[in-house]
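Welcome! Here are some short exercises for reading a structure step by step, each with a worked solution.

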Amino acid sequence: MALVTLVLLQMFAVAAGVHLLTSGLLDEKEEPDPVASAGPPPVPVITAGPVLAAGGNGPLPAKGTLAERLTKALGDPALGDRVGAVVLDAETGTTLFGSAAGVGITPASTTKIVTSVAALASLGPDARLSTRVVRGASPGSIILVGGGDPTLAGPRAQTGQAYPKPASLAALASHTAKALKAAGVAKVTVAYDDTLFTGPRVSPAWKPVYIPDGEVAPVTALMIDEGRVFPGNRNRVSDPSRVAHGAFVSLLSKHGITVSGSAKRVKAPAGAEEIARVDSAPVYALVERALTLSDNDLSEALARQVALKEGEPASFDGGAAAVHKVLARLGLTDGVTVHDGSGLSPKNRIAPQALARLLAMAASPANPRLRPVVSGMPVAGFTGTLGRRFGKSNSAYGLVRAKTGTLNGVSTLAGMTTTKSGRLVTFAFMADDVTSGGGEAEAALDRLAALVAAG
């Protein structure tokens with residue numbers, strides 16, 4: 001039966017070939033006669049225009065109308081008596097509106113825009129932060145070396161759906177145990193090295209309640225779960241380095257490695273042999289997280305990484321000096337004075353115009369390495385710290401990307417939007433003499449951003 005089927009298939013193939021040859025379809029020199037279509041004429045394909053109207057370069061909003069509306073909205077008593085505001089055309093840098101635009105105002109967490117731009121410009125978007133295990137000076141000793149990655153996940157972290165996916169202490173312990181066993185080592189002492197960062201762990205400018213209230217952890221180069229007591233909890237541990245060391249030792253024991261001795265803080269020998277390592281997500285993803293979630297711990301770590309890259313001490317002062325150095329290369333130092341990376345310091349001063357200029361630079365096609373600043377900012381009504389602001393009835397719903405900032409008496413909002421006419425603009429609205437409830441000030445800032453989007 002199979003043989004008969006094969007013969008029939010071969011006969012069909014030969015017949016088909018003969019037909020094609022006789023009809024001229026295999027002769028490349030012959031052109032087939034045109035055949036008139038009996039059906040209706042084809043329907044033309046019409047494509048939609050660019051999402052941002054003229055690619056973000058629509059006509060500029062009328063200055064007079066925009067100024068009148070914003071000036072009236074800036075008079076909202078909820079914003080207090082000290083308010084700065086600016087709206088810039090993202091492409092040309094032209095000031096479309098300004099009120100005390102060059103005055104330094106306490107920025108709160110909009111400081112993270114400055115830190116993020118500096119991190120991307122200095123470190124590059126693809127850099128990663130490494131946590132390592134190296135051999136100690138004596139036989140049978142190893143050292144857990146912190147690389148300044150506060151997102152390192154501890155053993156209780158649920159990282160399956162996390163973005164960006166963090167490095168794992170459990171993976172580091174597994175790699176370490178495997179390497180030790182391969183070398184015939186089953187018993188070790190484990191010290192830890194968190195000396196990458198220097199200076200005080202808590203800024204003297206911070207309020208004493210910041211750590212007890214869970215706003216931030218003591219800044220160290222070795223920590224898990226951003227120094228939290230457990231993942232998702234606001235409470236912070238007093239010594240993140242020792243807690244990370246203890247978790248690592250426990251994980252090693254589960255992999256059959258016996259650990260003797262107590263926790264000891266050391267500095268790893270120069271050129272020590274590396275046994276294992278895990279790397280963080282790339283800097284571009286860390287920047288997105290820092291901006292979307294207003295992550296204080298990550299922002300402080302990024303500022304110190306900039307300090308290391310720029311040859312400054314990895315401290316609060318060194319980070320501030322390094323960020324200023326990077327901004328100087330970008331030509332954007334005017335109106336920027338910072339003392340930390342997160343914006344928790346009430347001593348920080350940034351002019352609205354400086355923030356808007358930084359955002360315009362990040363949005364420019366000429367600076368693709370800075371683009372994560374744009375993609376990382378919360379979207380009105382959807383993500384991060386703007387997820388519960390700008391209701392669906394608001395004209396700015398889904399159209400505004402902006403970084404929020406809040407401290408006692410301070411409320412700020414800096415970001416970008418595409419106007420109704422399709423023009424990409426950046427803005428900064430900042431108030432640091434707010435006496436009303438924080439929610440009232442936030443609502444006033446949201447109304448200002450909505451006016452820009454509708455311009």
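A residue counts as buried when its relative accessible area is under 20%. Keep in mind that this is a predicted model.

**Exercise 1.** Find out how many residues of helix α3 are buried, and check the length of the helix.

*Solution.*
- Step 1: With the cut-off of under 20% in hand, go along α3 and pick out the buried residues; among them are T111, K112, I113, V114 and T115. Further along α3, the buried residues include A118, A119, L120, S122 and L123.
- Step 2: The tally is 12 of 13 residues, and α3 is thus mostly covered.
- Step 3: Helix α3 covers residues 111-123, and at 1.5 Å a residue its 13 residues should span 18 Å; the end C-alpha atoms are 18 Å apart, so expectation and model agree.
- Step 4: Just after α3 comes G124, with a positive phi near 90°.

**Exercise 2.** Work out how helices α2 and α11 are oriented to each other, and which residues make their contact.

*Solution.*
- Step 1: Take α2 (residues 63-74) and α11 (residues 438-453): their axes lie 10 Å apart, at an angle of about 175°.
- Step 2: An angle over 145 degrees counts as roughly antiparallel, and α2 and α11 are therefore roughly antiparallel to each other.
- Step 3: On the α2 side the contact is formed by L66, R69, L70, A73 and L74, and on the α11 side by L448, L451 and V452.
- Step 4: Sorted by kind, the contact has seven nonpolar residues, one charged and no polar ones.
- Step 5: Two of the contact residues of α11, L448 and V452, are also among its buried residues. The cover over the buried residues of α11 includes α2, along with β1, β10, β11 and β12.

**Exercise 3.** Lay out the order of the five strands in the open sheet, then place the helices that touch them.

*Solution.*
- Step 1: The order is β2-β1-β12-β11-β10, with antiparallel pairing.
- Step 2: The edges are β2 (95-99) and β10 (400-407); each has a single partner strand, so one side of each has no neighbour in the sheet.
- Step 3: From one strand to the next, the twist averages 5°.
- Step 4: Look at β1 (residues 83-89) and β12 (residues 424-431), which are joined by seven bridges. For example, V83 has A431 of β12 as its bridge partner.
- Step 5: Now add the helices: α2 packs on the sheet and touches β1, β2 and β12, while α9 (residues 352-363) lies across β1, β2, β11 and β12, at about 150° to β12.

Terms used
Residues are numbered from 1 along each chain as its sequence is written. This is a predicted model: local features need pLDDT of at least 70, side-chain atom pairs count only at pLDDT 80 or more; totals for chains, interfaces and linings use all residues. Side-chain values use heavy atoms; hydrogens and water are left out. Axes are lines fitted to C-alpha atoms, for helices over the stretch in contact, and angles run from 0 to 180 degrees between N-to-C directions. Helices (H or I, at least four residues) and strands (E, at least two) are DSSP runs, numbered from the N terminus. Angles under 35 degrees count as roughly parallel, over 145 as roughly antiparallel, 65 to 115 as roughly perpendicular and the rest as oblique. Contact means heavy atoms within 4.5 Å. Ala, Val, Leu, Ile, Met, Phe, Trp, Tyr, Cys and Pro count as nonpolar, Asp, Glu, Lys and Arg as charged, and the others, Gly among them, as polar. The expected span of a helix is 1.5 Å times one less than its number of residues. Buried means under 20% relative accessible area, exposed over 50%, partly exposed in between (1.4 Å probe, protein chains only). Two strands pair if DSSP finds at least two bridges between them.
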